[in-house]
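Work through the exercises below with the sequence and the 3D structure at hand. Each task sentence is followed by a solution in steps.

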Amino acid sequence: DIDECSFERTCDHTCINYPGSFECLCHKGYTLYGLTHCGDIDECSISNGSCDFGCLNTMGSYECVCPPGKKLHWNKKDCVEMVKCLPNAKPAPKAQLVCSKTGGIESCFLSCPSNTLFVPDSESSYSLSCGVPAQHGKAQPRRNATLPSCSDSLAPPIKQKARFKIKDAKCHLRPRSKEKTKDSGKQAVSDNCQVTFVNLKCDSSKKKRRGRKSPSKEVSHITAEFEVEMKSEEVSDTCNIDCVRKRMEQKLQTAIKTLRKSINKQQFYIQFSGTEYEVAQKPAKATEGHEACSTGQVLQDGKCVTCSTGTFYSGEHSQCVPCSPGTYQDTEGQLTCEPCPSNDGQGVAGARNVSECGGKLNLCSPGHYSSDGFKPCTVCPLGTYQPEPGRTLCFPCGGGLVTKYEGAVSFQDCETKVHCSPGHYYNSTTHRCIRCPVGMYQPEFGQNYCITCPGNTSTDFDGSTNVTHCKNQHCGGELGDYTGYIESPNYPGDYPANVECIWNINPPPKRRILIVVPEIFLPIEDECGDVLVMRKSASPTSITTYETCQTYERPIAFTSRSRKLWIQFKSNEGNSGKGFQVPYVTYDEDYQQLIEDIVRDGRLYASENHQEILKDKKLIKALFDVLAHPQNYFKYTAQESKEMFPRSFIKLLRSKVSRFLRPYK
């Protein structure tokens, strides 16, 4: 068995080797094309991503968007009115900044009970948000908050930004050690400030100072933004809205002042799920042993693995813990779980999104809907359908079409005037089947959309029925000074129609080019419609080294007849093939005579064994490596060289090399 997965560039994403073959797999949100390549799926082309309103494709994923005045439902697809309060929804617990003073030392902690997002940006910086920013202007939160509670805010929130500096400390969110927590003992004076939204960024990337020698001590900068909501309850006859605003601003400023003192004394902590975390530490502390993985990751089989969705990283136990019933987590590597909208502590442990909160049982099933997506549900009326669970609406068939029954689950249940075959989609305005345009395909019968080709691929013709018709138009290859390769577009999948590729190999001075064509697949049926040619320049009369328009499964090696090479591949609109991947090497021109002697000797191609060498990517790589840099020969032991190649091959080379190096003996 050849382990294809051990070659470079076998698969774009994941490679699985089988006896006698291999298979490529793609990451979530990507699909396979051209046998080994992965392209982003445009989910928005598949029934608008099942979005209620707008759909936005992203690399490896997509997002649904809502019109102004509406917000995204927790199912991340439907749009709901902003103002609706869920009757049974408890308001999401607010973040709190609690500061206290014990024995003249201020210490503060920020508790983050809901809507938290932790993003490790790099080894020495992270950002963290807590709460939901006010929807004034553009500031959309990264995370869609659970439905709003019924507290009404009057005016725009109070916003303040502050910067703090911590000397000799590195940004790293780390659980506070047990002993320290005990010291805090009974709190003396405690100030409590409720915050609607906090965004905190900690960065300790070393900045090089010009001129004078900078001390190598690290400085961490913390940037914090706070938002506090104005509450209508606080307005009274004695204190109107402006007065309340002033009071709150002062309160927030005082809190920030205390916070500054506590940060200077390294007494500032952030609390998630009952564990307190230090925001940054002095380097001395960091040497306490197992600091192998960053926060939010655990060590598994010697690798750092990020805590998956449905779990959170518990600093106390330094492991990933499933979310408790009544909470969920839809993002990896987080430090806490989010409370479910109807937070009665019911439901399943380890919920990965809101729809799993109440367990799968409480969701409306496909073909049904309700105002919040949970039971009790209404069946989709005639003329509408809903393929997914937990939705707040059904999609109309359009064009006055009816469904065969209530509770339909797909467009295929709509009674269309004509039945469309694969490669077509149904237009419900004109009631006709339309061929999928170029760059799209549809494998199923009776659908009302075509799927956009993955990544930046397209099809040769309209009416495509399969993702295999999607081809990358990009001319492949890497052109290095010493080694490189050229590759037909979409290789090893079939190359596209009407494509032209041009490559120029221009070696460094005193070097010549050697090329190996392991195999090439160009269909002969269409009278030389697809051609690969290598010559000195673009001029048709220049010296030609190689030209072919047909399939050769036997390998061939040859030296270029000119110092530079101009290479062209052209295909017509006729049939297509797998094409080629052709490696080359440039070698010192002093060896010209020896190399030509080897590649022109029929014995190089005579046996199956020798042909296999020229087709074996690993062996060609080793041979090319030594040809480009002869001193690399000594990287391989005599034993290794012997085991890599059959004896007949070594014998052939040895006789030629010794004759070349010692002509007079």
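## Exercise 1: the link of Cys 239 and Cys 243

Cys 243 counts as partly exposed, because its relative accessibility is 24%. The cut-offs are these: buried is under 20% relative accessible area, exposed is over 50%, and partly exposed is in between (1.4 Å probe, protein chains only). The model is predicted, so local features need pLDDT of at least 70 and side-chain atom pairs count only at pLDDT 80 or more, while totals for chains, interfaces and linings use all residues. Residues are numbered from 1 along each chain as its sequence is written, and side-chain values use heavy atoms, with hydrogens and water left out.

Task: find the partner of Cys 243 and give the handedness of the link.

Step 1. Apply the criterion: a disulfide is a pair of cysteine sulfur atoms within 2.5 Å. Cys 239 is joined to Cys 243 in this way, at 1.7 Å from S to S.

Step 2. Take the torsion about the S-S bond, which is about -100°, so the disulfide of Cys 239 and Cys 243 is left-handed.

Step 3. Check the cover of the partner: Cys 239 has a relative accessible area of 1% and is buried.

## Exercise 2: two further disulfides

Task: state which parts of the chain are tied together by Cys 453 and Cys 470, and by Cys 475 and Cys 501.

Step 1. A disulfide joins Cys 453 to Cys 470, with an S to S distance of 2.1 Å. The torsion of -75° about the S-S bond of Cys 453 and Cys 470 goes with a left-handed link.

Step 2. Cys 453 lies in the loop between β33 (451–452) and β34 (457–458), and Cys 470 in the loop between β34 and β35 (471–472), so the pair ties together parts that are 17 residues apart in sequence. Strands (E, at least two residues) and helices (H or I, at least four) are DSSP runs, numbered from the N terminus.

Step 3. Cys 453 is buried at 3% relative accessibility, and Cys 470 is buried at 0%.

Step 4. The sulfur atoms of Cys 475 and Cys 501 are 2.1 Å apart and form a disulfide. The torsion about this S-S bond is about -85°, so the disulfide is left-handed.

Step 5. Because Cys 475 is in the loop between β35 and β36 (476–479) and Cys 501 is in strand β38 (residues 500–505), the pair ties together parts that are 26 residues apart in sequence.

Step 6. Cys 475 is partly exposed at 24% relative accessibility, whereas Cys 501 is buried at 0%.

## Exercise 3: a cysteine without a partner

Task: decide whether Cys 193 is paired or unpaired, and how many disulfides a search of the whole structure finds.

Step 1. Cys 193 is in no disulfide; the nearest cysteine sulfur belongs to Cys 99 and is 8.5 Å away.

Step 2. Cys 193 counts as buried, with 7% relative accessibility.

Step 3. The search of the whole structure finds 21 disulfides.

## Exercise 4: exposure on two elements

Task: place Arg 647 and Leu 56 in their elements and classify their exposure.

Step 1. Arg 647 is found in helix α8. With a relative accessible area of 76%, Arg 647 is exposed.

Step 2. Leu 56 is in strand β5 (residues 54–58). Its relative accessible area is 44%, and Leu 56 is therefore partly exposed.
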